[in-house]
Amino acid sequence: MQGDPDAVIVGSGPNGLAAAVTLAAAGLSVQVIEGGPAIGGGCRTEELTLPGFRHDVCSAVHPLALASPFFRRFDLEARGVRFARPQVEFAHPLDGGRAVIVSGSVAETAARLGADGRSYRRVIGPLAGHMDEICQVLLAPLRRPPAHPIILACYGVHGVWPASVLARLWRTSEARAVLAGTAAHPKMPLTAAPTGGIGLMLIALAHAVGYPVVAGGSARITDAMADAVTAAGGSIETGRWVNSLRELPPATAVLLDVSPLALGRLAGDRLPGRYRAALHRYRYGAGVCKVDFALSGPVPWANQDCRRAGTLHLGGTFEEIAAAEAMATAGQHPRRPYVLVVQPGAADPARAPAGRHTLWAYCHVPAGSGVNMTGQIEAQIERFAPGFRDLILARAVRTAAEVEAHNPNYVGGDIAVGTQTLRQTVFRPVPQWNPYRTPIRGVYLCSSATPPLPGVHGRCGELAALTALRDVFGIRGAPDISPARLPPAASLPANP
Ligand SMILES: Cc1cc2nc3c(=O)[nH]c(=O)nc-3n(C[C@H](O)[C@H](O)[C@H](O)COP(=O)(O)OP(=O)(O)OC[C@H]3O[C@@H](n4cnc5c(N)ncnc54)[C@H](O)[C@@H]3O)c2cc1C
């Protein structure tokens with residue numbers, strides 16, 4: 001790139017790159033500056049344990065990428081990214097070799113839930129059936145009237161409740177466990193709103209969209225985005241941490257894929273006191289301790305159907321998971337934590353050498369914890385898969401403190417970059433009409449600390465970039481980001 005760029009983007013996570021893609025598609029020159037040694041932020045794949053074992057460093061399962069209007073228009077498939085769906089979207093093993101199996105079909109899943117089957121179909125069926133419309137609303141700016149108010153109202157009837165209240169809908173330990181396993185994703189006590197709504201949404205997404213992994217690893221997504229940016233003439237620099245806005249090259253717009261805490265540091269006294277105080281009030285949640293395993297074979301789940309699942313929620317009954325989450329959010333390390341497990345090999349066997357497997361697992365811990373939870377995580381897996389420990393060839397561990405050290409966006413190891421309370425879902429990161437603007441003209445926040453929500457969907461970056469296009473470049477309307485406008489370069493690795 002010659003001369004100063006039109007726009008500088010700090011951070012190359014999926015949102016930073018979505019901003020870069022949008023601005024490049026509008027014909028602007030963009031420069032992305034990434035502090036880490038590689039691009040991708042929370043969407044990377046590396047040989048963390050042994051040669052030939054490719055682990056997703058952060059995100060592994062991609063219902064939101066599949067449902068995202070940004071990625072649909074960007075057309076990941078045309079860019080060589082293939083979503084691989086396991087036969088079972090997710091499973092929730094229980095003691096005694098029992099398990100709840102959630103497949104693509106609502107009816108099939110309901111049939112396994114005995115006395116709660118009818119109620120499950122009544123609550124989940126309409127949500128799954130209208131998932132496209134619901135995602136359009138949930139992944140859109142909150143300040144516009146919803147495109148589908150009646151459908152949204154139907155979701156809202158259940159969506160605003162804590163999981164502890166919604167669990168009263170169901171009597172069987174199986175159905176209640178499914179709700180706990182999904183409602184615990186946001187790292188909040190299950191007595192807090194809107195954990196119930198988040199749980200229902202994640203169950204419905206499994207039926208409507210699926211819980212796919214990316215063939216070859218999550219990095220394929222961000223590689224395709226970076227490829228589109230460079231093919232359009234943009235530049236991407238890695239290994240350069242930005243400590244102050246003053247270090248950046250002159251540009252008409254600056255988009256920051258950083259946490260609200262980092263925004264305060266980077267901008268310093270250029271931000272008015274009131275905005276700085278609002279950023280200070282922003283709340284971060286519990287952290288995660290993550291362990292990646294290289295295994296000599298597939299996990300020997302006691303329940304055979306669990307072997308076909310991509311994702312598993314471990315922790316036992318609703319009450320057990322509620323107790324574990326209450327402890328982690330109250331500053332204690334649970335002895336029997338809630339553990340999220342992904343076995344990519346169930347859908348993408350090429351992640352490890354023939355016959356071998358990778359396993360991805362994390363549990364929730366107090367914010368900033370330096371405690372290594374490998375023992376507790378392995379004990380929970382062993383509880384439902386006796387003999388698991390005998391298969392371990394190598395492991396790579398990151399405590400919550402180390403998660404933050406690798407990526408400062410994850411403050412205290414909080415992978416959602418802020419709690420998902422009702423308040424912080426609506427007002428993210430501060431209460432204002434357009435949350436992407438900062439008080440400094442031409443400077444925008446575009447990370448997952450802005451609406452709509454955390455995850456790999458690119459909408460925070462896209463919506464921040466559209467604001468910048470309107471504000472400082474006088475460009476209205478979303479540019480065409482399809483392969484016709486931003487063709488993929490030939491350099492992309494072939495799909496396995
Ligand atoms: C362990 C883990 C598991 C997850 N699992 C899933 C999942 O299965 N599915 C899902 O959808 N989501 C998942 N997520 C969440 C998802 O990864 C994030 O929501 C998403 O990556 C956010 O994208 P982002 O672009 O906002 O930020 P990030 O992806 O965090 O990227 C921010 C980038 O900015 C860089 N940066 C920050 N500050 C600076 C600076 N000062 N100078 C230069 N560079 C800087 C960082 O190095 C980083 O590369 C997971 C996250 C983690 C950590």
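A polar contact here is a pair of N or O atoms within 3.5 Å. Keep that cut-off in mind for the ligand stops on this tour of a predicted model.

**Stop 1: the ligand**

Select the ligand and show what lies around it. The shell holds 34 residues, and the closest are Asn15, Glu34, Gly42, Asp257 and Gly455. Now pick out three polar contacts in turn. At Gly35, a polar backbone atom is 2.9 Å from a nitrogen atom of the ligand. Val61 also offers its backbone: one of its N or O atoms lies 2.9 Å from a ligand nitrogen. With Glu34 the side chain takes part, placing a polar atom 2.6 Å from an oxygen atom of the ligand. How much of the ligand does the protein bury? Taken alone, the ligand exposes 1,000 Å², and the protein buries 93% of that.

**Stop 2: helix H1**

Stay with the shell and colour it by secondary structure. Which element gives the largest share? Helix H1 does, with three residues. Strand S14 (357-365) is worth highlighting too, as H1 and S14 each supply at least two residues of the shell.

Next, show H1 (residues 14-25) together with strands S1 and S2: the three make a right-handed β-α-β unit.

**Stop 3: strand S2 and its partners**

Select S2, residues 30-33, and turn on its side chains. In a regular strand, side chains alternate between the two faces of the sheet. Are the residues on the two faces of S2 buried or exposed? Val30 and Val32 on one side, and Gln31 and Ile33 on the other, are all buried, so both faces are covered.

Now add the neighbouring strands. S1 (residues 7-10) runs parallel to S2 and is joined to it by four bridges. On the S9 side (residues 235-237), the pairing with S2 is again parallel, with three bridges. Centre on Gln31 to see both pairings: Val8 stands opposite Gln31, while Ser235 is the bridge partner of Gln31 in S9.

**Stop 4: Gly285**

Finally, jump to Gly285, in the loop between helix H13 (273-281) and strand S11 (287-295). With a relative accessible area of 10%, Gly285 falls under the 20% limit and therefore counts as buried. What does Gly285 touch, leaving aside neighbours within four places in sequence? The contacts are Ala367, Asp414, Gly418 and Thr419. Draw a distance from Gly285 to Thr419 to finish: their C-alpha atoms are separated by 4.7 Å, although the two are 134 residues apart along the chain.

Notes
Residues numbered from 1 in each chain as written. Predicted model: local features only at pLDDT ≥ 70, side-chain atom pairs only at ≥ 80, totals over all residues. Heavy atoms only, no water. Buried < 20%, exposed > 50% of the residue type's maximum accessible area, 1.4 Å probe, protein only. Pairing = 2+ DSSP bridges. Right-handed = clockwise from strand over helix to strand, strands pointing away. Contact = heavy atoms within 4.5 Å. Near = heavy atom within 4 Å. Polar contact = N/O pair within 3.5 Å; in protein donor to acceptor, adjacent residues only side chain to side chain. Areas by Shrake-Rupley, 256 points an atom, 1.4 Å probe, with all protein chains shown as cover.
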